[in-house]
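User: Please take a close look at one part of this model, the face that one chain turns to the other, and set it beside what can be said about the rest.

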Amino acid sequence: MNTTNELRKSIKALIAEKKVDLFLAWEKGSLPLTATPLFVSTEDQADRAVFDVTCGNNLSIYFTKDRKQFANRKVGIAVKGCDARSVVLNILEKQIQRENVVIVGVPCDGVLDRKKVLAKTDGREVLELIDNGETVTVKGNGFDLLLNRNEILSSSCLACTYPDAQEYDVFIGDARGEVPNESRLKEIHDFQALSASERWDKTRNEYERCIRCYACRNVCPSCYCNVCFVDQNDPKWIGSTCDYTDTLIFHVIRNLHVAGRCVECGACQRACPMDIDLLMLNRKVAMEVKDRFGDIAGLDINGKPAMSDFREDEKQKFIMG
Amino acid sequence: MSEWQPRILAILCNWCSYAGADLAGVSRMQYPPSIRVVRIPCSGRVDPLFIMKSLQSGFDGVLVSGCHPGDCHYISGNYVARRKFAVLKPLLEFIGLEPNRVQFSWISAGEGDRFAKVVTKITEDIRELGPATRLVKKT
C-alpha cells in the first residue's frame with residue numbers, strides 16, 4: 001500500500017510540475033488477478049494508480065506498439081526492474097528519446113503468475129486478492145486461501161537478478177540491489193547435461209503444445225517489427241498449421257530476434273495459454289550472449305544491443321578449420 | 001548399391017566463398033557432389049531463418065561460408081554474421097539438433113583447395129549422422 005501511495009504522489013507531482021503530459025502506470029484490474037494499464041493525464045486520475053503483486057504488465061510495450069500516442073510527448077512510466085531494462089532498450093534502439101521519458105522505478109518483489117494461482121485454487125475462480133507482502137490472500141466462492149508469495153510468483157521473478165530499475169529519474173522506496181540468483185541458470189545446466197536425443201524429445205514435447213496464438217510475441221516488449229516474419233506471406237516463411245516444425249522454427253527465430261534484447265520479464269510465459277516454458281530458450285540465448293560478448297540486455301544505457309555490435313577479436317572456435 | 005549421398009545446402013558469399021567454389025571447379029579439384037549452392041551478397045545476409053527453413057525442407061545439412069574476418073567486401077558483414085552464428089549454433093544444439101548439421105566456415109576466393117576440403121569434411125560429418133529427421137516437415 002505504501003508503494004502505491006508514494007507512486008500516486010510522484011505521478012501527481014510530475015503532472016503538476018508539467019514534467020510529463022502522460023503517465024503510464026497500473027490500476028486495479030476488473031479481474032482480481034491482473035492489473036490494468038492506466039494512462040494518467042490529470043492529477044485526479046493519479047489516485048487510481050496502484051502497485052502490487054498483480055502488476056505484471058510491462059508498460060514499455062506501449063512505446064513501440066502504440067507509437068502515435070507517444071510521438072513528441074513527454075511521457076512518464078512506472079517501471080519494475082525488468083520494465084526499466086525494456087525502456088533502456090527502447091532508448092538504445094531509438095524508439096523513444098531519453099529526454100522524452102521520465103522513468104519512475106518502483107521496488108518490486110515479483111509479480112504473480114495467474115496460472116499458478118489457479119492451480120492452487122484447483123481452477124476455482126478467484127474473486128478477490130489481497131497482497132499482504134510476504135503472503136497473498138485469495139478469496140472466492142467458498143474458499144479463502146492464504147498463499148505464500150513464492151508459491152505464486154512468476155518463474156521469471158523467482159529467478160530475477162535485477163529487481164530494481166537500473167536507469168531511473170525517480171525511485172520510490174528502498175532498492176534491493178542486484179540479487180545474485182543461481183537458480184536462473186540451473187535449469188539450463190541440467191538440460192544441457194542430457195543427451196541430444198533426450199533434449200530433442202523434451203523440446204519437441206514442450207513446443208508441440210504451442211497453438212501459435214502469438215500471445216508471446218504480442219506481449220513481448222522487444223518484439224515490435226511492423227510486419228513479423230510469421231505474418232509475411234510473400235515469401236511465406238512459416239506454414240499456417242500447428243505442425244511442430246513450424247512452431248519450433250517460430251520460437252527459435254523469435255528467440256534469436258530477441259537475442260541480447262530479452263530482459264526476461266517473463267511476460268511471454270505468463271501470457272502463454274498452453275503453459276509452455278518459453279523462458280528457458282530465452283535464458284539460454286542470454287547466457288550465450290553474456291558469455292561470448294559480455295552483454296546483458298538493457299543494463300547499459302550507453303551501450304549497444306549485442307547483436308548490432310561486434311568486436312574483431314571474438315572467439316570463433318565454432319567456425320570450421 | 002552406392003553410398004548414401006547427403007544433400008547439403010551451401011550458402012556462399014558472392015565475393016569469396018562462391019569464387020572459391022568456382023576456383024575449385026576450374027582447377028578440377030575433387031569433392032563430393034553433395035552440395036547445392038545458393039549465392040548471397042554477403043554472409044551478413046544470412047538470416048538464421050534460411051538455415052531453419054532449409055532443415056525443415058529436408059536438407060541434411062547446411063554450410064554457410066563467407067569471407068575471412070577483416071576481408072568483408074562490406075567491411076563488417078561477416079563480423080555481424082559471426083555474432084549471429086555464435087548464438088544460433090549453441091541454440092540449435094541446445095534444442096537437440098545434432099551439432100554438425102549446421103556448420104560455418106571462412107573461405108577466400110583463392111582457397112579452392114580449402115573449399116574442396118571443407119565440403120569433403122561436412123559431407124563426411126553428415127554422412128556419419130545419417131539423413132536429417134528432427135526438424136523435417138512431413139507433408
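Analyst: What follows starts with the contact between the chains and then turns to chain A.

This is a predicted model, in which local features need pLDDT of at least 70 and side-chain atom pairs count only at pLDDT 80 or more, while totals for chains, interfaces and linings use all residues. Residues are numbered from 1 along each chain as its sequence is written, and chains are lettered from A and ligands numbered from 1 in the order in which they are written.

Between the chains, 33 residues of chain B are in contact with 31 residues of chain A, contact meaning that C-beta atoms, placed from the backbone, lie within 7 Å. On the chain B side, at least two residues each come from α2 (48-56), α3 (77-94), β4 (102-106) and α4 (112-129); here helices (H or I, at least four residues) and strands (E, at least two) are DSSP runs, numbered from the N terminus. The most is given by α3(B), with 13 residues.

Within chain A, C268(A) lies in helix α12 (residues 267-271), and this cysteine is buried because 26 other C-beta atoms lie within 10 Å, where buried requires 20 or more such atoms, exposed 12 or fewer, and partly exposed a count in between, with C-beta atoms placed from the backbone. Leaving aside residues up to four places away in sequence, C268(A) touches C216(A), V219(A), C220(A) and L278(A). Of these, C220(A) is 48 residues from C268(A) in sequence, yet their C-alpha atoms are 6.2 Å apart in space.

Definitions and conventions. Two residues are in contact if their C-beta atoms, placed from the backbone, lie within 7 Å.
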